[in-house]
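Here's a quick briefing to read alongside the sequence and the 3D view. It picks out a helix pair, a small set of strands and a chain-to-chain contact.

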Amino acid sequence: MNIKKTPLYQLHQENRAKFVEFAGYQMPIQYSKGIVEEHKFTRSHSGIFDVSHMGQLFIYGGEDLIKDLEKIFPLNLKNLKLNHSKYSFLMDKDAGIHDDLIITKTNEGFLIILNAACKDDDFKILKELLEEKYKMVLDENRSLIAIQGPKSPQILNDVIDGVKDLNFMSGNWFLFQDHKVYITRSGYTGEDGFEISIPNDFVDKLTRELINKGSKLIGLGARDTLRLEAGLCLYGHDLDKDKTPVEANLKWAISKERISKGDFIGSDIIIKQLNNGVSKIRVGIKPEGRIIAREKTKIFNQLDVHIGEITSGTFGPSVNGPVAMGYVENEFSKKDTKVFLEVRGKKHAASICNLPFYKKSYVKGAN
Amino acid sequence: MSEVKYSKEHEWIKLEGDVATIGITKHATEMLGDIVFTELPEKGSNVEKDGTAGVVESTKAASDVYTPVSGEVVDTNQEIVDDPSKINQDPENSAWFFKLKIKDKSEMDSLMNKDDYDKFAKETTT
């Protein structure tokens, strides 16, 4: 299979990116300064992420589409305001998660942002579920960049006037030099910021302007440490087909009204789990000392019984220590429960903790 | 003067008398990225040529550190355990890993000199 490149490939090269293959794309894992510097720069200033490998699925339709999508997603889409976004998931009948996504109501229908590794499958699944009633475009002609961090609102507003007025999890169409761009106030770093959907031909120009205003390119390596500190899940690691949203501790993303009606794919299992509890659940895990417990590390209780596994673990540069999340048997999921992590044959003490590891203390809407 | 030699696993080794100081090369740190965790062998333990004698972890992954010669660990550098970022800053000098009382000086013979290592490092860069 041919490895794809995003329209920003040349700019990545100019910034001395180290590349990795990710979901069939050649993506920058880091630039010359390294992951820790990039991570901290995003938290203190502003970082630009090329996430053009992610899927941008436009589905066109009106009232019927809303009804049909509510059979698929556990959201109250009827009451979702124009240009507002929600986090959700595509589930199977057993409530196993096939992808996690952001869905936004547009004036022509919906825009759904999908994970790169899942987007082609998602497209097929949705097309079948919607019985080809609606025009669906997985748009390869648009790029997607995120700009994240405290200086980002001002920097982006200097280039595209008006974006500062967007509220969190809402968006709108804007003009960048006469080109239509769709911008939402969102992101996946735990910072204030935006995601910008822009035609491929102009993404290089926009990104260079943002760099000129003081933002910097940040690689996927720092994106991973940022999202993990923020307690956010990475599909294929913290979420997959063998886990449900309730087990993943994401029930906040399920509409209460929709649960009471229970007419979406996977609702039987979701309702059962909400009523009866789950046997395993996602938790934050803080190792003592500096030991890093990575994905697949086994978790033991104080009696040396295997009770779970780490699904993401790394060093958190802002926390200045190791951070991890994983799934444990429900009875060991309470905050401050002592557990042990087996790393290179030795057991290391850790405790269950609340997520996120890092919380931004900014006032909503403040600059 | 003592000559510094290099291994294919990207360690450097400097012999003074029968004590060898061992660390990882600048090239290794560039491949690893930011180092955030270090594990060193225990003082008084014995390590075997080409065996593991520690671990370094970057934000991305864990990598074993090998010893290019056999010997008894007589000292370890606690500074790089307390602040692993020192390895990125000064890998071939103050950020040494451990010192060995070596058994067999001839184990040094198969290691590379600086020119050969630089050439080797260039070729193995992917």
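## Briefing

H5(A) and H6(A) sit oblique to each other, going by axes that cross at roughly 125°. Keep in mind that this is a predicted model. The points below take that helix pair first, then chain A overall, then the sheet in chain B and the place where the two chains meet.

**The helix pair in chain A**

- Helix H5 of chain A covers residues 152-159, helix H6 of chain A covers residues 200-212, and their axes come within 9 Å.
- Oblique is the right word here because a crossing of roughly 125° falls outside both the 65 to 115 range for roughly perpendicular and the over 145 range for roughly antiparallel.
- As for handedness, H5(A) passes H6(A) in a right-handed crossing.
- On the H5(A) side, the contact is made by A:Ile155, A:Leu156 and A:Val159, and these meet A:Leu206, A:Glu209 and A:Leu210 of H6(A).
- What classes do the residues of the contact of H5(A) with H6(A) divide into? They come out as 5 nonpolar, no polar and 1 charged.

**Chain A as a whole**

- Chain A has 9 helices and 20 strands.
- The C-alpha trace of chain A spans about 65 × 50 × 45 Å along its principal axes.
- A compact globule with 367 residues would have a radius of gyration near 21 Å, and chain A agrees with that, at 21 Å.

**The sheet in chain B**

- Chain B has an open sheet of 3 strands in the order E4-E6-E7, and the pairing is antiparallel.
- The edges belong to strand E4 (35-39) and strand E7 (62-66) of chain B; each has a single partner strand, so one side of each is left without a neighbour in the sheet.
- On average, neighbouring strands of this sheet are turned by 25° against each other, direction ignored.
- How many bridges join E4(B) to strand E6 of chain B? There are 4, with E4(B) and E6 (residues 52-58) running antiparallel.
- To find the register by eye, start at B:Phe37, whose bridge partner in E6(B) is B:Glu57.

**Where chain B touches chain A**

- The contact takes 8 residues from chain B and 12 residues from chain A.
- Which elements give two or more residues to the side of chain B that touches chain A? Those are E4 and E6 of chain B, two strands that are also joined by bridges in the sheet.
- By class, that side of chain B is mixed, with 3 nonpolar, 2 polar and 3 charged residues.

Notes:
Residues numbered from 1 in each chain as written. Chains lettered and ligands numbered in written order. Predicted model: local features only at pLDDT ≥ 70, side-chain atom pairs only at ≥ 80, totals over all residues. Axes fitted to C-alpha atoms, helices over the stretch in contact; angles between N-to-C directions. Parallel < 35°, antiparallel > 145°, perpendicular 65-115°, else oblique. Left-handed = near helix turned anticlockwise from the far one by under 90°. Contact = placed C-beta atoms within 7 Å. Nonpolar A, V, L, I, M, F, W, Y, C, P; charged D, E, K, R; others polar. Pairing = 2+ DSSP bridges. Rg over C-alpha atoms; globule rule 2.2 N^0.38 Å.
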